[in-house]
Each structure stands twice: as C-alpha cells, then as structure tokens.
Amino acid sequence: MSTLGKVLIIGSGLGGLTLARSLRGGAIDVAVFERDASPWDRPQGYRLHLDDDAVNAAREVLPGHLIALFEATSQFTEPFTAILSTDLSVVKRLPSHDDHGDHGDVWPDRGNSVHANVDRATLRQILMSGLDDVVHFGKKLERYENTADGVTAYFSDGTTAHGDVLVGADGVRSAVRAQRAPRLTTVDAGITAIYGRLPLDAARLRVPVEALTDIFAIASDDRKVFLGLGSVRFPTAPAKAAAHWSPGTAMRDQDDYVVCVVGGRHRFFPGADDLSGERLRDLAAGTVADWHGQAADLVRQGDAEAFFPVRMHTSVPGSLDAPTNVTLLGDAVHAMTPTLGRGANLAMRDAALLGRALRAVAAGDGELGEALSRYERDMTAYGFSVVREAARIGEQRMAQNPLPA
Ligand SMILES: Cc1cc2nc3c(=O)[nH]c(=O)nc-3n(C[C@H](O)[C@H](O)[C@H](O)COP(=O)(O)OP(=O)(O)OC[C@H]3O[C@@H](n4cnc5c(N)ncnc54)[C@H](O)[C@@H]3O)c2cc1C
C-alpha cells in the first residue's frame, strides 16, 4: 500500500503534466490545478527544442501508445545551430552543447544527444491525454497553508484542496515560490522578442536548407538584434493527422511551419506589449529592414494573427529555504532566457526526477523529507548552473542584462 497520500500540483505546463504522468504511473493520487480556463487560453510559443532531458523524460512517463505519438510528431534534427549572416547565408554550423552534467546517472538506459523540434501545443496535448479526471482548470492558487497533516491550497474561486505534498509547477511568476522561497527572485533580462510563425513553403524559398534541418538558425547584427528560425515538421502524413486528434486546436496549428523570432534590447521594440499581431509583424520586419537580402520579407510572410511579444525574465540563482512538504520545479524555481533552449527540458527533467523520488517514498523506500531535500539539492544545483550559462551566452549574443551579483 502507498505510504504517500495525495500530491497537489499547481500548474499544468510541461513540468506539472510530466510529474502528473509519472505519479499516475506509480498509482499515486494526484490532482493538477491550472489557473487558465482551458489549455488554449494564452499564446505560449509554437516550437520547442527538446534535448535528451525532455525526450527521455517523455519516454519515461508516457504509456506506450503516447510515446509512439510523441515520436511520430517530433522532428528529430541535426545536432547543429546554423549561424546565418544578415543576408541569411550560412556562416557556420555550431555543434550543439550536449554536455549537460552527469546524465549517466539521470538517464542510465536511454539515448543521449537527441534533438527534436516539436510543437508545444501538440506535446502538451500528448502529456495531458487521459488525465481529464486529474487536471482542474480555472483554479488559480492564491496561497497555501502547512497543516498538521499536510498542506492546504487556497484558490481564487474560494475552493480549497488538501494533500500530503504540494508542488509549485506554476511558472516564472510562481505564487508557490513567493511563499516557499520568498528570497528567490526573477529579474528583467532587458530583452524583448516578437514571436511569429511562417508557412514552411514560404521559408523554403528564402532560407538555406540548414535553417530548416538544424535545431535552430540565427542571424544577428551589430546592435545584437537577432532573427531566429526553427522549423517544426510532422515527419509523416499519419503523424500530421495524429497531431490533429485533440479538440481545441485549429487544424492549421498542426501544419508544418517555421517559428521566427526577432528580438533585442527593449528599446528596439517600443510599445510592443500593446500592439496587434499585424503591427507586431510590421515592427519585427522593420527592425531587420536594413539587413541585406530577404530578412524583412521573410518575416512579412508570417501569419499576422500569430505574432506575440515576450519580455524575457530570468531567475536569480539562490538557495531554497529548508525543505518542507512544499517543493518547486521548472520555471517556478529556475526560469531562464531561451538562449540555450533548455527551460522546458529542465522542467521535464525536474518532473521526472521528483516523480521518481515520490514514487520511491510511496513504495515505502525512504522518508519524504529526505527525498524532497535530495531532490531540491540536485535540482537547484543543476538548474541554477544552466540559468547562469544561459545568462552568460545571452549577454554575449543578445545583450541580455548581466545577472545581479
Ligand atoms: C516563446 C518561448 C519559446 C521557448 N522555447 C523553448 C525551447 O525551444 N526549448 C526549451 O527547453 N524551452 C523553451 N522555452 C522555455 C519553456 O517554455 C519553459 O521553460 C517551460 O515552459 C517551463 O515549464 P513549466 O512547466 O515550469 O512552466 P510553464 O510552462 O510556464 O507552466 C506553468 C503553468 O502554471 C500555470 N499557473 C501559473 N500561475 C498559477 C497559479 N497561481 N495557479 C494555478 N496555475 C498557475 C500557468 O498558467 C501555466 O500553465 C521557451 C519559452 C518561451 C516563452
């Protein structure tokens, strides 16, 4: 019999759902609480680059038929980033950094150095599939209280939930972190990015093939304004069809596409937060209009409605207070700028490792406090090292603010 009662997860992003799947696989009672009214309320980006952390986590927590769907809807890429000149010709192809610490311990039986471009909404649907009885929408956590027999969560609609453990998987502005680790902060990285989506065929006419087969392609100028491109292709017709199975996503969301992002210091994107998609597209294209060649024309091929702005934030590395039965994962604790494309990978890695720890406790192997303490020590050491590296590269390549000392 399980020695662990109910686990409450706040947030149904990639990390929260990966943990829910892992716990369900261990027959642990779990409930996920998501503030949004549905999975499709807010734009959250299009393409995601997954490396061996996320790919192995997905393979670990999903049942067989969903692993097959995950693989079928992933575009496994060459392990390079294409560096483009401002005329969009290829300058060089940088091998990806696959040195992610001691993966031998984390993924002993699995493949390393895997790279896949996936559609975020498709991945989220796959992780959520079959969890309808577990994920509760319209539940915004306001606060929690530790009690003699566990922890109680309080939601903005006046309801509560009680469990043995509460996990904050509630992203960069985490309400759980505000209580659990009030000294951990996030800061403005100084960068605005405008994300959009182009039809694959329009990109094929204007960019070299490497830009569509490597993990990502990026060009930047003397101002450190950058244009990034990453393709998402559903490799086979059946995979494309499979990606359509869930309601709530328009068919076109699942067609092959290329994500494009134009970014740089905030001053190059005045008023971006208040602009329509069409005006954001104009602003993004205008920002690279003096580049030689086709950059601005390429951006203008994007679907106007698809453009949205992101002001980038990063966590400031620090330490958690002493462990309790409330813990954190993913962006809620170590959010980073997307220079390394690793945020989702870390969220899913954390979730897989926390899932393993809780499953062991539920099976009577070890004590909860010790298991959470070990998880938090490893997760923060690894997570904050990647935050620092993302900030270092971000400073070099896109004039990101340095992390506060
Ligand atoms: C445009 C863009 C592109 C990116 N590209 C990549 C990439 O290529 N590769 C990569 O690895 N990473 C990428 N990232 C980073 C990645 O998206 C994040 O690191 C990842 O989503 C973190 O997952 P998470 O589960 O920790 O948090 P999230 O995915 O942010 O999920 C948090 C969830 O919690 C919910 N929530 C928040 N507050 C509350 C509350 N009070 N109560 C209840 N629910 C709440 C939110 O609605 C959300 O659903 C990108 C990020 C952006 C913005």
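Buried means under 20% relative accessible area, exposed means over 50%, and partly exposed lies in between, with a 1.4 Å probe and protein chains only. The model is predicted, so local features need pLDDT of at least 70 and side-chain atom pairs count only at pLDDT 80 or more, while totals for chains, interfaces and linings use all residues. Residues are numbered from 1 along each chain as its sequence is written, and side-chain values use heavy atoms, with hydrogens and water left out.

**Exercise 1. Classify arginine 204 by its accessibility and describe its surroundings.**

Step 1: arginine 204 has 46% relative accessibility and therefore counts as partly exposed. Step 2: its place is in helix H7, residues 200-204, where helices (H or I, at least four residues) and strands (E, at least two) are DSSP runs numbered from the N terminus. Step 3: the side chains of arginine 204 and aspartate 201 are joined by a polar contact of 3.1 Å; such a contact is a pair of N or O atoms within 3.5 Å, and within protein one must be able to donate a hydrogen and the other to accept it, residues adjacent in sequence counting only if both atoms are side-chain atoms. Step 4: when residues up to four places away in sequence are not counted, arginine 204 touches Leu212 and Arg233, contact meaning heavy atoms within 4.5 Å.

**Exercise 2. Find which parts of the chain are linked by the salt bridges of aspartate 53 and arginine 356.**

Step 1: a salt bridge is a side-chain nitrogen of Lys or Arg within 4 Å of a carboxyl oxygen of Asp or Glu, and the structure holds 19 of them. Step 2: aspartate 53 and arginine 349 meet in one at 3.3 Å, N to O. This pair links aspartate 53 in helix H2 (residues 52-61) with arginine 349 in helix H13 (residues 343-362), 296 residues apart, and both residues are buried. Step 3: arginine 356 forms a salt bridge with glutamate 60, their closest N and O atoms being 2.7 Å apart. Because arginine 356 lies in H13 and glutamate 60 in H2, this pair also ties together parts that are 296 residues apart in sequence. Step 4: arginine 356 is partly exposed, with a relative accessible area of 31%, and glutamate 60, at 26%, counts as partly exposed.

**Exercise 3. Decide whether buried arginine 281 and buried glutamate 34 have or lack a salt bridge.**

Step 1: arginine 281, in helix H10 (residues 277-287), has no salt bridge, since the nearest side chain of opposite charge, glutamate 278, is 4.4 Å away. Lys and Arg count here as positive and Asp and Glu as negative, whereas His and the chain ends are not counted. Step 2: the side chain of arginine 281 does reach the backbone oxygen of glycine 302, at 2.6 Å. Step 3: glutamate 34 is found in the loop between strand S2 (30-33) and strand S3 (47-50). Glutamate 34 likewise has no salt bridge, and the nearest side chain of opposite charge, arginine 124, is 4.0 Å away.

**Exercise 4. Compare the span of helix H1 with its expected value.**

Step 1: the expected span is 1.5 Å times one less than the number of residues. Step 2: the 12 residues of H1 (residues 14-25) should therefore span 16 Å, and the end C-alpha atoms are 17 Å apart, which agrees. Step 3: 10 of the 12 residues of H1 are buried, including Leu14, Leu17 and Arg21.
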